[in-house]
Amino acid sequence: MELSLSRVHFPVTTLGPGRRLGIWFQGCSIRCPGCISADTWGAGHLRLSTEKLLEQITPWLREAEGITISGGEPFDQFDALLRLLQGLRRLSQADILVYSGYPLEKLDAKLRQANGLIDALISDPYDETLSQSMALRGSDNQRLSLLTPIGRTRLGNYDRPLEPADKALDLMFDETGSVWMAGIPRRGDLLRLRDLLQDQGHHLQISAHAARRR
Ligand code: SF4
């Protein structure tokens with residue numbers, strides 16, 4: 001089973017508790033106005049089998065306290081997502097948090113198929129007209145669903161407003177010298193950082209499911 005992948009990274013410390021393995025799917029059909037992860041909308045160039053991906057991330061899985069799957073839209077590649085989730089569950093005890101831009105009600109049947117494989121889900125499309133005051137979310141319409149006992153234990157305390165101590169972004173340089181980010185940027189912060197980096201000749205890419213342009 002092949003999937004289109006944007007990137008993987010370890011450790012990510014901004015999208016859930018602990019040192020996490022981040023997996024970003026490539027491709028999103030939802031296309032929320034204001035999304036700054038437009039680089040993850042198209043089909044992309046990196047396709048690989050779920051088995052190959054699991055093989056490549058196995059060393060990180062031994063260390064990861066949690067796994068966050070985002071994109072792009074993971075549920076647009078549902079068969080591959082399901083296969084990946086089954087493999088992750090087999091290989092790791094880490095909690096699994098999945099982001100989706102689909103409304104929770106639309107995911108009902110798929111969540112039943114993935115029963116027990118997703119510990120926590122953040123659903124619903126980013127809405128740039130709404131405020132951003134809740135932990136792990138880019139706009140306040142997005143809902144956190146705790147789907148398993150692991151999810152309730154590990155992510156139960158994230159159903160709360162953002163706190164000053166919440167980290168907003170992990171900042172990374174890739175092998176091409178590009179800077180990219182994981183996390184939920186506060187509005188305004190990102191533009192200031194992008195302008196600063198561009199002034200110094202860097203190209204900024206953002207991989208944060210609910211990252212915003214404004
Ligand atoms: S916020 Fe997420 S669901 Fe919305 S367009 Fe961006 S990647 Fe797609």
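Buried means under 20% relative accessible area. That cut-off will come in handy in the close-ups below, which are taken from a predicted model.

**View 1. Two cysteines, Cys32 and Cys35, and a search for disulfides.** Which side of the cut-off does Cys35 fall on, buried or exposed? Its relative accessible area is 11%, so Cys35 counts as buried. Cys32 is buried as well, because its value is 13%. If you are wondering how many disulfides the whole structure holds, the search finds zero.

**View 2. An open sheet of seven strands.** Follow the strands across the sheet and you will meet them in the order 3-1-2-4-5-6-7, with mixed pairing. Strand 3 (47–49) and strand 7 (143–146) form the edges; each has a single partner strand, so one side of each is left without a neighbour in the sheet. From one strand to the next, the twist averages 30 degrees. As a reminder, strands of a sheet pair through backbone hydrogen bonds, either parallel or antiparallel. Zoom in on strand 5 (residues 95–99) and strand 6 (residues 120–123) for a parallel example, joined by three bridges. Here Leu97 has Ala120 of strand 6 as its bridge partner.

**View 3. Helix 2 packed on the sheet.** Helix 2 (residues 78–91) touches strand 1 (2–12), strand 2 (20–25), strand 4 (66–70) and strand 5. Its direction makes about 175 degrees with that of strand 4. How does the span of helix 2 agree with what its 14 residues should give? At 1.5 Å a residue they should span 20 Å, and the end C-alpha atoms are indeed 20 Å apart. The buried residues of this helix are Phe78, Ala80, Leu81, Leu82, Leu84, Leu85, Gly87 and Leu88. Their packing partners are strand 1, strand 2, helix 1 (50–61), strand 4, strand 5 and helix 3 (108–113). It helps to recall that an α-helix has 3.6 residues a turn, so residues three or four places apart point the same way.

**View 4. The aromatic pair of Phe75 and Phe78.** The count of aromatic pairs comes to two. One of them joins Phe75 and Phe78 in a stacked arrangement, 5.9 Å centre to centre with 10 degrees between the planes. Both residues are buried: Phe75 has a relative accessible area of 2%, and Phe78 stands at 8%.

**View 5. Met1 and the residues it touches.** Have a look at the segment before strand 1, where Met1 lies. Met1 is partly exposed, with a relative accessible area of 38%. Leaving aside residues up to four places away in sequence, Met1 touches Leu48, Ser49, Thr50, Glu51, Asp79, Ala80 and Arg83. The C-alpha atoms of Met1 and Leu84 are separated by 9.2 Å, although these residues are 83 residues apart along the chain.

**View 6. Strand 8 and strand 9, an antiparallel pair.** Five bridges link strand 8 (residues 169–173) to strand 9 in the antiparallel sense. At one of these positions, Met172 has Trp180 of strand 9 as its bridge partner. Where do the side chains of strand 9 point? Val179, Met181 and Gly183 point one way, Trp180 and Ala182 the other way, and all are buried. With five of its five residues buried, strand 9 (residues 179–183) is therefore largely enclosed by the rest of the structure.

Key: Residues are numbered from 1 along each chain as its sequence is written. This is a predicted model: local features need pLDDT of at least 70, side-chain atom pairs count only at pLDDT 80 or more; totals for chains, interfaces and linings use all residues. Side-chain values use heavy atoms; hydrogens and water are left out. Two strands pair if DSSP finds at least two bridges between them. Helices (H or I, at least four residues) and strands (E, at least two) are DSSP runs, numbered from the N terminus. Axes are lines fitted to C-alpha atoms, for helices over the stretch in contact, and angles run from 0 to 180 degrees between N-to-C directions. Contact means heavy atoms within 4.5 Å. The expected span of a helix is 1.5 Å times one less than its number of residues. Buried means under 20% relative accessible area, exposed over 50%, partly exposed in between (1.4 Å probe, protein chains only). A disulfide is a pair of cysteine sulfur atoms within 2.5 Å. Rings of Phe, Tyr and Trp (its six-membered ring) pair if their centres lie within 6.5 Å; planes under 30 degrees apart count as stacked, over 60 as edge-to-face and the rest as tilted.
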